[in-house]
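Visitor: Please take one part of this model and show it to me closely. I would like to see how the strands sit together and what lies around them.

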Amino acid sequence: MRRKFRMAVAAFLCGILSQAVAAGPDARSAVRLKVSVFNDATIAQTVLNAAKARAEAVFGAAGLSLTWLDCGVPGLWHTELGCQDVAFPTHLSVRLVAGRKAVSEDTFGQSYLNERGEGNYANVYLAQLSSSRAAQQIGEGDLLGLVVVHELGHLLLGRDSHSSEGLMRARWEATELRVAAKGNLLFTKSEAERMRVRYLSATAFDRVKISASGK
């Protein structure tokens, strides 16, 4: 029975991914990502709006539709939005942290992955951002949006997802900062495709499990 289930899963996944590749760019509309943003640091709404716009633009360029849930601030959480209903890979969570709680001064954020390279949660550290060289060259909202996207990228790409250049570089140098200031710091084509394939694989596998359970 278990062998038949594995064969059914493999066949279903192959079918889903083959259809996505054949469909080309139009298939990207199936990749819909939701992110809950918890504003522990009580960042101003204008900054959050700019971060949201930047994050949506970067994911849009990669072919992913992003829905940003503003889950509120401590004591005023928006529980009606379903912010706690996280589930890899369709609904992820980012917490904007006040104070210096990162592992190093140049660590803007952290994402948390399990042994399978999957995870739903990430932190962004506002104290490190505000005192960084990047903050002197990029608007506060745009910088926050890019860091949020970077951490979500780790969740969507899995382990070993740092790049030698661009948005997913471990440390942004002068080149990345200049590109970011122009609004052009994006995922590479290979990163975008990898996220899309991984997303579709995970969601297809979930559908197979639901179907096999008879629900």
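**A close look at the sheet**

Guide: This is a predicted model. Confidence comes before anything else. The protein chain has an average pLDDT of 86, and 80% of the residues reach at least 70. One stretch is a warning. Across residues 19–28, pLDDT stays under 50. The model has nine contacts for that stretch beyond four places in sequence. Where pLDDT is low, the predicted coordinates should not be read in detail. So let us turn to the sheet.

The sheet is open and has five strands. Their order is β2-β1-β5-β7-β6, and the pairing is mixed. Look at the edges. β2 (65–70) and β6 (109–112) stand there, and each has a single partner strand. That is why one side of each is left without a neighbour in the sheet. From one strand to the next, the twist averages 20°.

What holds such strands side by side? Strands of a sheet pair through backbone hydrogen bonds, either parallel or antiparallel. Now walk across the sheet from β2. β1 and β2 are parallel, paired over six bridges. One place to find this pairing is R32, whose bridge partner in β2 is S65. Further along, β5 and β7 also pair in the parallel sense, over five bridges. Here L96 has V124 in β7 as its bridge partner. Then comes the turn to mixed pairing. β6 and β7 run antiparallel, and four bridges join them. Find Y112: its bridge partner in β7 is Y121.

Stay with β7 for a moment. Four of its five residues are buried, so β7 is largely enclosed by the rest of the structure. Recall that β6 is an edge strand, with one side left without a neighbour in the sheet.

Next, the helices that meet the sheet. α2 lies across β1, β2 and β5 (91–97). The helix α2 runs at about 160° to β2. α4 (residues 140–157) packs on the sheet too. It touches β1, β2, β5, β6 and β7 (121–125). The direction of α4 makes about 150° with that of β7.

Now go to the start of β1. V31 is in the loop between α1 (2–23) and β1. V31 counts as buried, because its relative accessible area is 0% and the cut-off is under 20%. What does V31 touch, leaving out residues up to four places away in sequence? V31 touches G63, L64, S65, R196, Y199 and L200. S65 is a name you have met: S65 is the bridge partner of R32. G63 is 32 residues from V31 in sequence, yet their C-alpha atoms are 7.5 Å apart in space.

Move to the other end of β1. A search of the whole structure finds two aromatic pairs. One of them is F38 with W77, an edge-to-face pair. The ring centres are 5.6 Å apart, and the planes make 70°. This pair links distant parts of the chain, 39 residues apart. F38 belongs to strand β1 (residues 32–38), and W77 to strand β4 (residues 76–77). F38 is buried, at 5% relative accessible area. W77 is partly exposed, at 34%. F38 has another partner as well: the charged end of R95 sits over its ring, 4.6 Å from the centre.

The other pair is F59 with F187. Their ring centres are 5.5 Å apart and their planes meet at 45°, so the pair is tilted. F59 is in helix α2 (residues 45–61). F187 is in the loop between α5 (174–181) and α6 (189–213), 128 residues away. Both F59 and F187 are buried. Recall that α2 is a helix lying across β1, β2 and β5.

Finish with the loops that leave or lead into these elements. Most residues other than glycine have a negative phi, and most peptide bonds are trans. Three places depart from this pattern. After β1, T42 has a phi near 50°, a positive value. T42 is in the loop between β1 and α2, and it is exposed, at 52% relative accessibility. D160 also has a positive phi, of about 55°. D160 is in the loop between α4 and α5 and is exposed, at 74%. Last, the peptide bond from F88 to P89 is cis, with omega near 0°. P89 is in the loop between β4 and β5.

How values were computed. Residues are numbered from 1 along each chain as its sequence is written. This is a predicted model: local features need pLDDT of at least 70, side-chain atom pairs count only at pLDDT 80 or more; totals for chains, interfaces and linings use all residues. Side-chain values use heavy atoms; hydrogens and water are left out. pLDDT is the predictor's confidence in each residue, from 0 to 100. Contact means heavy atoms within 4.5 Å. Rings of Phe, Tyr and Trp (its six-membered ring) pair if their centres lie within 6.5 Å; planes under 30 degrees apart count as stacked, over 60 as edge-to-face and the rest as tilted. Helices (H or I, at least four residues) and strands (E, at least two) are DSSP runs, numbered from the N terminus. Buried means under 20% relative accessible area, exposed over 50%, partly exposed in between (1.4 Å probe, protein chains only). A charge sits over a ring if NZ of Lys or CZ of Arg is within 6 Å of the ring centre and within 35 degrees of the ring normal. Two strands pair if DSSP finds at least two bridges between them. Axes are lines fitted to C-alpha atoms, for helices over the stretch in contact, and angles run from 0 to 180 degrees between N-to-C directions.
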